[in-house]
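This report considers a protein model by way of its confidence, its charged pairs and its surface. The sequence and structure are shown below.

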Amino acid sequence: GAPATLDALCKRYGIDTSERTKHGAIVDSLLLAQVYVELLGERQTTLGFGGPGAGQGRAAARMQKAKPRPKALGSRLTAEDEARHAEFVKTLGAAPVWLRAKN
């Protein structure tokens, strides 16, 4: 039963609307994006409690490089799967991308 206007949603989620002096598409869309992030629960992406990277936000967290696996994962394809795929590739024409040499 609560109102779902942009102003009401901003108030509910504590989003600053001080730059909104009039209704404008750009300002409203930026506010709506912030409301959307709140609805998704994306404010805190990790459960870091003051460790490395604490308080950096989503963009900084995405920029951190993932550690490589110590050993590559093995293939889950069976010999039968590979044979069926090879037969399928033959139906794709003269120069399918799967047969191009890797550089």
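Is Asp81 buried, partly exposed or exposed? Asp81 is partly exposed, because its relative accessible area is 24% and the partly exposed class lies between under 20% for buried and over 50% for exposed.

**Confidence**

The model is predicted. The average pLDDT of the protein is 76, and 72% of the residues score at least 70. Among the elements, the highest mean pLDDT, 90, belongs to helix 4 (residues 79–90), whereas helix 3 (residues 57–63) has the lowest, at 51.

**Salt bridges**

Side chains of opposite charge can pair when their charged atoms come close. The structure holds five salt bridges, including the three in the following table.

| Salt bridge | Closest N to O distance |
|---|---|
| Glu80 and Arg84 | 3.1 Å |
| Asp81 and Arg84 | 3.4 Å |
| Glu87 and Lys90 | 3.3 Å |

Arg84 thus appears with two partners, forming a salt bridge with Glu80 and another with Asp81. Glu80 and Arg84 are four residues apart in helix 4, so about one helical turn separates them. Arg84 and Asp81 are three residues apart in helix 4, and therefore also separated by about one helical turn. Arg84 counts as exposed because its relative accessibility is 51%, and Glu80 is likewise exposed.

Glu87 and Lys90 also belong to helix 4, where a spacing of three residues places them about one helical turn apart. Glu87 is partly exposed, with a relative accessible area of 46%, while Lys90 counts as exposed at 61% relative accessibility. Elsewhere, Asp7, Arg20 and Asp28 are joined into one network by salt bridges that share partners.

**Nonpolar surface**

Helix 4 also contains Phe88. This residue is partly exposed, its relative accessible area being 43%. Together with Leu92, Val97, Trp98 and Leu99, Phe88 makes a nonpolar surface patch of about 540 Å².

**Ser29 in helix 2**

Ser29 is located in helix 2 (residues 25–40) and counts as partly exposed, with a relative accessibility of 42%. A polar atom of the Ser29 side chain lies 2.8 Å from the backbone oxygen of Ile26. Ser29 and Leu6 are 23 residues apart in sequence, and their C-alpha atoms are 9.8 Å apart in space.

Conventions:
Residues numbered from 1 in each chain as written. Predicted model: local features only at pLDDT ≥ 70, side-chain atom pairs only at ≥ 80, totals over all residues. Heavy atoms only, no water. pLDDT = per-residue confidence, 0-100. Helix = DSSP H or I, 4+ residues; strand = E, 2+ residues; numbered from the N terminus. Patch = residues over 30% accessible without salt bridge, like charges linked within 9 Å, V, L, I, M, F, W, Y side chains within 5 Å. Areas by Shrake-Rupley, 256 points an atom, 1.4 Å probe, with all protein chains shown as cover. Salt bridge = Lys/Arg side-chain N within 4 Å of Asp/Glu carboxyl O. Buried < 20%, exposed > 50% of the residue type's maximum accessible area, 1.4 Å probe, protein only. Polar contact = N/O pair within 3.5 Å; in protein donor to acceptor, adjacent residues only side chain to side chain.
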